[in-house]
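Colleague: I should like a close look at the empty space inside this protein. Please describe what surrounds that space, and then continue to a pair of helices.

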Amino acid sequence: MRQSVLRYTFLILLTLLLAACSGKFDTGEKVWIDLPGKSLARDGYAVGQVIEYKDDLVHVQVIELRADNGHELLPVMRIGQVYVPARSLSPYAEGKRRFEEKQRAVRLLDKLDSADADEARKALSEVSRIADKYDLDELRRYVALYQLRNRYLAKPMPLEKRLAGVPDFIEELEKLLRANRRAYDYLVDWSMMRYRSMFVDVARRLGFALNLANRRPGAPDLFEQALVRVVRDIQDMIDRAGNDKDPMRAARRVKRIDKAERALMTLLSRNGKAMGGEETLDALLEQKGIDRRQRLAMRVKQMILSRIDFQRIKTRDQAQQAWRDARAQGRKAGKLLGVPVFTKDDEKRYFTGPLEERERRAKERARREEERAWRRVMGRHSVARYKALRQYLKRYPNGRHAARARKMLKVMTQARKKRTRLRKQREQTMLRILTSGKTYQGKAEYKGQMLDFRIRFSRYSRKTGNVAGVMTWPSRKGASNRIEGRFDRDKRQLVFRETKEIASGDWHTGDEYRFTLSGNRLVGTHRYKRFLLINKTGKAWIAVH
């Protein structure tokens with residue numbers, strides 16, 4: 001009983017939805033039952049076998065079923081045996097041919113965008129034939145939209161021409177939508193959901209609340225799906241035109257972009273009715289236009305700045321000239337956009353400011369390098385410091401420590417001159433001693449006693465520094481020995497040794513003497529043998545005044 005009630009419950013729905021068809025069928029005959037979907041692409045069907053007639057109803061056994069899982073008639077057909085109005089049945093061959101032709105039209109429409117011009121023309125002709133044959137408004141509207149899009153927005157057209165054709169396309173599309181309120185409602189509902197976040201964000205920045213329509217769009221048919229694709233294409237075209245790699249080219253298009261966006265948003269919002277009124281739409285579009293122009297102005301600025309070699313700007317005059325050139329280029333874009341590209345602060349931000357910062361950093365690097373150089377100078381010992389000071393002053397003549405370096409260098413130069421003068425005097429004194437032939441008195445320590453001796457230098461070689469002479473010891477029974485040695489001019493040291501006995505006495509040969517000039521005496525050491533293998537060193541000096 002419950003199953004019977006369920007069958008008759010869906011009977012009314014089947015009567016309203018199934019395509020009208022009339023005819024008398026024999027018992028056991030195979031029949032076709034159309035199951036219309038939300039769009040032609042989602043249509044289904046059932047194949048049944050007639051069991052019996054009961055008044056205007058036909059008892060049918062379902063033997064084949066094809067429909068989307070979400071189809072509203074699917075549960076009814078799955079029962080297996082249903083009562084169907086006789087006018088809703090079609091002969092199997094006729095119904096199958098009708099269904100296949102409609103699906104063929106759907107496939108042809110799917111391939112339109114990828115077909116060439118000749119194939120597209122043939123496909124449209126075939127789709128129009130099928131639409132007229134079966135009176136399918138869904139296909140007629142789709143064909144009309146496709147032809148309208150090709151007239152104004154065909155891809156082979158340049159972007160500028162397609163952009164300029166958007167307002168005319170929207171005007172023609174609005175005429176088409178007036179005859180199909182359901183499709184227009186779907187498009188508005190879809191658009192309010194698609195652009196909700198953008199509208200809300202702009203409205204929040206403007207400081208007012210939006211009253212957007214908040215209806216979820218239903219399942220679209222082929223025409224409504226095509227409408228959404230066209231809107232997406234127009235929006236993508238607007239975005240692409242505004243985000244061109246060349247911002248100057250985008251700036252030249254900005255007025256056309258504004259017109260195209262206004263025409264599109266006016267259609268999608270029913271002239272602002274879907275968001276609270278025309279004034280709200282005007283405010284949102286005006287703010288969007290301002291945002292677009294400001295973004296483009298920033299991109300133009302970045303492009304102009306990227307073409308400038310700031311590393312070649314070394315002086316303030318060069319920086320100011322580069323700023324004037326950049327500002328002149330920015331003014332051209334500013335006239336197109338209606339907003340300034342460069343502001344007064346940009347001169348300091350991008351031109352003079354960075355130059356001053358580079359100069360400051362360069363000065364700081366030079367200061368740190370100078371400090372390191374000065375620390376290296378002060379770390380040198382006295383001999384190397386003189387040379388380091390001269391190098392410092394040569395590199396930093398106006399440095400922070402230049403005055404101190406000059407003062408130190410002056411003191412060191414005077415000291416060097418004094419040492420040079422004393423060295424020359426000592427050298428001349430030594431040369432006089434070694435070449436005068438005079439006999440000089442001296443004393444040498446020997447076994448704790450200071451013994452007198454006389455010495456005379458008889459030969460001196462300036463080239464080799466070799467010296468020779470005679471050394472006499474009066475206190476040692478007049479012993480006299482030959483001496484031989486060398487005068488080291490670099491060390492200013494006289495070294496000689498008693499080598500050969502000249503007059504015998506109480507003395508020996510082999511002792512070594514080392515003298516340097518100190519005041520009016522040669523002061524040094526006397527090295528002798530105390531025992532056979534033990535050497536002793538005592539003091540010695542020679543008076544040379």
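Modeller: The following account treats the cavity, then a pocket, and finally the contact of two helices.

The model is a predicted one. In general, empty space is found by rolling a probe the size of a water molecule over the atoms. The structure holds 1 cavity of 30 Å³ or more, and the volume of the largest cavity is about 80 Å³. Its lining consists of Asp113, Tyr142, Leu145, Tyr146, Arg149, Ala226, Arg229 and Val230. Two elements each give two or more residues to this lining, namely helix H6 (137-153) and helix H10 (222-242). The largest share, 4 residues, is that of H6. When the residues lining the largest cavity are sorted by class, 5 are nonpolar and 3 are charged, while no polar residue is present.

Let us turn from the cavity to a pocket. The second largest pocket contains about 420 Å³ of space. It is lined by 20 residues, of which Asp113, Arg149, Asn150, Ala154 and Lys155 are the closest to its centre. Asp113 and Arg149 thus appear in the lining of the largest cavity and also in that of the second largest pocket. The elements that give two or more residues to the lining of this pocket are helix H5 (117-134), H6 and H10. Here H10 gives the most, with 6 residues, whereas in the largest cavity the largest share comes from H6. By class, the lining of the second largest pocket has 10 nonpolar residues, 1 polar residue and 9 charged residues.

The last part concerns two further helices. Helix H11 spans residues 247-268 and helix H12 spans residues 278-306; their axes come within 10 Å and cross at roughly 165°. Because of this angle, H11 is roughly antiparallel to H12, the cut-off for that description being an angle over 145 degrees. The crossing of the two helices, H11 and H12, is right-handed.

Many side-by-side residues can be named for this contact. On H11, the residues that meet H12 include Pro247, Met248, Ala250, Val254, Ile257 and Met265, as well as Lys255, Asp258, Glu261 and Arg262. On H12, those that meet H11 include Leu281, Leu285, Leu296, Val300 and Met303, together with Asp282, Lys288, Arg292, Arg293 and Arg299. Taken by class, the residues of the contact of H11 with H12 comprise 12 nonpolar, 2 polar and 9 charged.

Note on methods. Residues are numbered from 1 along each chain as its sequence is written. This is a predicted model: local features need pLDDT of at least 70, side-chain atom pairs count only at pLDDT 80 or more; totals for chains, interfaces and linings use all residues. Side-chain values use heavy atoms; hydrogens and water are left out. On a 1 Å grid over the protein atoms alone, a cavity is a set of points where a 1.4 Å probe fits but cannot get out, and a pocket is an open set with protein on both sides within 12 Å along at least five of seven lines; lining residues have an atom within 4 Å of a point. Grid points are joined across faces, edges and corners, and a volume is the space filled by probe spheres set on the points. Ala, Val, Leu, Ile, Met, Phe, Trp, Tyr, Cys and Pro count as nonpolar, Asp, Glu, Lys and Arg as charged, and the others, Gly among them, as polar. Axes are lines fitted to C-alpha atoms, for helices over the stretch in contact, and angles run from 0 to 180 degrees between N-to-C directions. Angles under 35 degrees count as roughly parallel, over 145 as roughly antiparallel, 65 to 115 as roughly perpendicular and the rest as oblique. A crossing is left-handed if the near helix is turned anticlockwise from the far one by less than a right angle, and right-handed if clockwise. Contact means heavy atoms within 4.5 Å.
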